[in-house]
Amino acid sequence: MKLSFLAASLTLGVTALSTHAETINFTNKFTAQADSLVVFASEDQQSTQFKEFDALTKGQLSKAIAANKFEGKFGQKVEIIAPANLDYQRVVIVGLGQQTKLDTAAVTRLGGQLSAKLNQDTIETIHIAADNLTTASNTSFGAQLAHGINLRAYKFEQYHSKKRTLKTYAIDTETADIDKSAYQKLVNLEKAVFFARDLTNETASAMTPAMFAKEAMKLKKLGVEVKVLEPKQLKKLGMGALEAVGRGSKEGSRLIIAHYKGSDDAPIALVGKGITFDSGGYSLKTGASIARMKSDMAGAAAVLATVKALALNKSDKNVVAVMGMAANMVSEHSIAPGDVVTTAEGLTVEVVNTDAEGRLVLSDAMWYAREYFKPAIMVDVATLTGSKVRALGNEYAAIFSEDDQLVEQLTYAGKQVNENLWRLPLGYKDALKTDIADLKNIGSYGPGATTAASFLQHFSGDVRWVHLDIAGNALASKAKDEVPTGGTGFGVRLLNEWIESKAK
């Protein structure tokens, strides 16, 4: 930092992504034209900039942290209003913990926490003193902090009469040009996460399968091949499970395919559950939870947004997203409990419970991905079971697979981006037996998350396959770290990290 407050700053700006995003600038000089100043202190030492600002305030910062028993622990904060000899309304001192242990995930969390701390209408401009701060993984501290700030700052305001005040951050680093370059890929990832959140947050009446298809079509301008199959085409292909789930709604079902071909390698197939509203069908849901069922398409949103991130960053990967879309509604045309449907795989399924519809749309979508794209790896993503929530809550998603390497890779990728996975077992296949068909769509005994995963395994063929159950992770009722309330976009950062760095 250069303490020449009246000098013009050399600003390397990244403009706001959308109405969701703050404006982030990287600079190698400070001006005092800001509401707030952020400085850092770790458990073992105070930053050089902390010491410089402390000297300017004649020790006011040191006195404040002593009075507040500030120890520099990770996420600890002290706020000083109207600091002496500084032209800021406030100074916020933020603890880093042990700086040598700061990894990418931790800095992202820290950015989210800082964004929440500064979420006041009276604050519009913030300077962050981040000279000489590094991460344990040698990634850009400034870029990763900005990433966390913007991820947390997101707010779905489609139906708000008053919009929030967007903020401008200037992050002071000695390597502003390098930080800006590092942040550009994260900007594109944020665009994709916000896309998934928007799709998930939109009301069920507005975000129908047909509207979701229109949103997918917009990826064409990024070089993504997009195809949409409607009910008549689904019937012709024998996709009786997917077609049946949407039969109770006016629009019917859709299969949406979005293919980003960054190489000629065998593709990775991402298969998403896209139930735009889940009433439960004739096995009707009850209680307040039904209002959250607009998010039952979050798996489809995550895989489509992952393709968007790869396309924006011009990745050299070959990835196809296949999304089974339907609104599971009640009408005279709806499937009834006890009906039998025939999947494109050729297996017949007794629909014992119409509220176990996600596995039906996934079964045909998985078949289509295998049949038409011959993928090297297939990962399905779905808000599939309440059983998963009861087992793991909402801080971990469940991962199921017999492929230990893929489980290890995806679990590691999740840790890098704060989208954590926990392995649950496959099994209990006998629970899916029925006298009237090849399978039934809900287990007669055993853990529901496992029997649902085992049902899907029948449609994985010989492809290396992973099932991610993100029930409870897709819609947050309480903000935390870099994740706001509402749609989280869970899975986009995880899949992007895995595909770009580890998938093989």
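Mentor: Two strands pair if DSSP finds at least two bridges between them. Keep that in mind as we look around this predicted model.

Trainee: Okay, so what makes β3 and β6 a pair?

Mentor: Three bridges join β3 to β6, residues 125-129. The cut-off is at least two, so they count as paired. The two strands run parallel, and Leu 37 stands opposite His 127 in β6.

Trainee: And how do you know that β3 pairs with β5?

Mentor: Count the bridges again: there are six between β3 and β5 (residues 90-95), in the parallel sense. At least two are needed, so this is a pair as well. Leu 37 turns up here too, with Val 91 as its bridge partner in β5.

Trainee: Why is β3 called mostly covered?

Mentor: Buried means under 20% relative accessible area, and six of the six residues in β3 (36-41) are buried. In a regular strand the side chains alternate between the two faces of the sheet. In β3, Ser 36, Val 38 and Phe 40 are buried on one side, and Leu 37, Val 39 and Ala 41 are buried on the other.

Trainee: Let's try another sheet. What makes β12 and β17 edge strands?

Mentor: The sheet is open, with three strands in the order β12-β13-β17 and mixed pairing. β12 (340-342) and β17 each pair on one side only. As for β13 (348-350) and β17, two bridges link them in the parallel sense; at least two is the requirement, so they pair. Glu 350 stands opposite Lys 440 in β17.

Trainee: Now the loops. What is unusual about the phi of Lys 69?

Mentor: Most residues other than glycine have a negative phi. Lys 69 has a positive one, about 50°, and is not a glycine. You'll find Lys 69 in the loop between α2 (60-67) and β4 (77-81).

Trainee: Why is Lys 69 called exposed, while Tyr 428 is called partly exposed?

Mentor: Exposed means over 50%, and partly exposed lies between 20% and 50%. Lys 69 has 69%, so it is exposed. Tyr 428 has 41%, so it is partly exposed. Tyr 428 also has a positive phi, about 60°, and lies in the loop between β16 (421-423) and β17 (439-440).

Trainee: Last one: what makes Val 330 eligible for a surface patch?

Mentor: Patch residues need over 30% relative accessible area and no salt bridge. Val 330, in the loop between β11 (318-328) and β12, has 42%, so it clears the area cut-off and counts as partly exposed. Together with Tyr 282 and Leu 284, Val 330 makes a nonpolar patch of about 290 Å².

Conventions: Residues numbered from 1 in each chain as written. Predicted model: local features only at pLDDT ≥ 70, side-chain atom pairs only at ≥ 80, totals over all residues. Heavy atoms only, no water. Helix = DSSP H or I, 4+ residues; strand = E, 2+ residues; numbered from the N terminus. Buried < 20%, exposed > 50% of the residue type's maximum accessible area, 1.4 Å probe, protein only. Patch = residues over 30% accessible without salt bridge, like charges linked within 9 Å, V, L, I, M, F, W, Y side chains within 5 Å. Areas by Shrake-Rupley, 256 points an atom, 1.4 Å probe, with all protein chains shown as cover. Salt bridge = Lys/Arg side-chain N within 4 Å of Asp/Glu carboxyl O.
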